[in-house]
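Open the model in your viewer and keep the sequence panel beside it. The tour goes stop by stop, with a selection at each one.

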Amino acid sequence: MAKTRKELEALLASELTAVELRRRAARICPLLLNQVRALPEGIDLVCFVSDCSKTNNRIALIDWINRQLDCPVFQAAAEYQPEESLLLDRLTGQISTRLAANDHDWEADR
């Protein structure tokens, strides 16, 4: 089925927005890796920020940042706090939450 000109323009605009988000995520990634003291080629962050299908911290974190940048709640919060600071807060919060869940004594709940 042939697409109309408007549909093609909308598709192009959507793809350009996705590319820009991915580029922003790639630019922010080294800063966050440095802040949490993780190596780009390491795997210690992968399971905290992705579904474990990513191959290293850099790829997993870029994907995570991209999802954050595309989130309407994040966009609203970013109006009041710098993106990098907000991302670092969210990242450390997510890691802390997952670590706490792993440390929970699941046997005691039985």
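Select S50 to begin, in the loop between α2 and α3. Helices here are DSSP runs of H or I with at least four residues, strands are runs of E with at least two, and both are numbered from the N terminus. This is a predicted model: local features need pLDDT of at least 70, side-chain atom pairs count only at pLDDT 80 or more, and totals for chains, interfaces and linings use all residues. Residues are numbered from 1 along each chain as its sequence is written, and side-chain values use heavy atoms, with hydrogens and water left out.

Is S50 buried or exposed? At 10% relative accessibility, S50 counts as buried. Buried means under 20% relative accessible area, exposed over 50%, and partly exposed in between, with a 1.4 Å probe and protein chains only.

Now show polar contacts. A polar contact is a pair of N or O atoms within 3.5 Å; within protein, one must be able to donate a hydrogen and the other to accept it, and residues adjacent in sequence count only if both atoms are side-chain atoms. The S50 side chain reaches the backbone oxygen of V46 at 2.8 Å. It also reaches the backbone nitrogen of C52, at 3.2 Å. Leaving out residues up to four places away in sequence, S50 touches A60 and R98; contact means heavy atoms within 4.5 Å.

**The disulfide**

Select C47 and C52. They form a disulfide, with sulfur atoms 2.4 Å apart. The cut-off is a pair of cysteine sulfur atoms within 2.5 Å, and by this rule the count comes to one. C47 is partly exposed, with a relative accessible area of 45%. C52 is partly exposed too, at 41%.

Add the other cysteines, C29 and C71. C29 is in no disulfide; the nearest cysteine sulfur, that of C47, is 16 Å away. C29 is buried, at 1% relative accessible area. C71 is in no disulfide either, and its nearest cysteine sulfur, that of C29, is 19 Å away. At 22% relative accessibility, C71 counts as partly exposed.

**Helix α3**

Select residues 57-69, which make up α3. Start just before the helix: N56 caps its N-terminal end, with a side-chain oxygen 3.1 Å from the backbone nitrogen of R58. Then check the length. At 1.5 Å a residue, the 13 residues should span 18 Å, and the end C-alpha atoms are 18 Å apart, which agrees. The expected span is 1.5 Å times one less than the number of residues.

How many residues of α3 are buried? Ten of the 13 are, so the helix is largely enclosed by the rest of the structure. Among them are N57, D63, W64 and Q68. Show what covers these buried residues: the cover includes α1 (5-35), α2 (46-49), α4 (72-77) and α5 (83-103).

**The core**

Colour the largest nonpolar core, which has 22 residues. Such a core is a set of buried Ala, Val, Leu, Ile, Met, Phe, Trp, Tyr and Cys residues joined through side-chain atoms within 4.5 Å. L32, V49, L61, W64, I65, L87 and L91 touch the most other members. The elements that give two or more residues to this core are α1, α2, α3 and α5.

Centre on V49. Leaving aside neighbours within four places in sequence, V49 is in contact with A60, L61, W64, R67, L91, Q94 and R98.

**Helix α5**

Select α5 next. Its 21 residues should span 30 Å at 1.5 Å a residue, and its end C-alpha atoms are 30 Å apart, which agrees. L86, L87, L91 and I95 are buried. Look down the axis: the buried residues of α5 fall within an arc of 160°, so they line one face of the helix. The arc is that of the directions from the helix axis to the C-beta atoms. Rotate to the face turned away from the buried side, where T97 and D103 are exposed. The cover over the buried residues of α5 includes α1, α2, α3 and α4.

**Two loop stops**

Select A78, in the loop between α4 and α5. At 23% relative accessibility, A78 counts as partly exposed. A78 touches E83 and L86, not counting residues up to four places away in sequence.

Finish at R37, in the loop between α1 and α2. R37 is exposed, with a relative accessible area of 73%. Its phi is near 55°, a positive value in a residue other than glycine. Most residues other than glycine have a negative phi.
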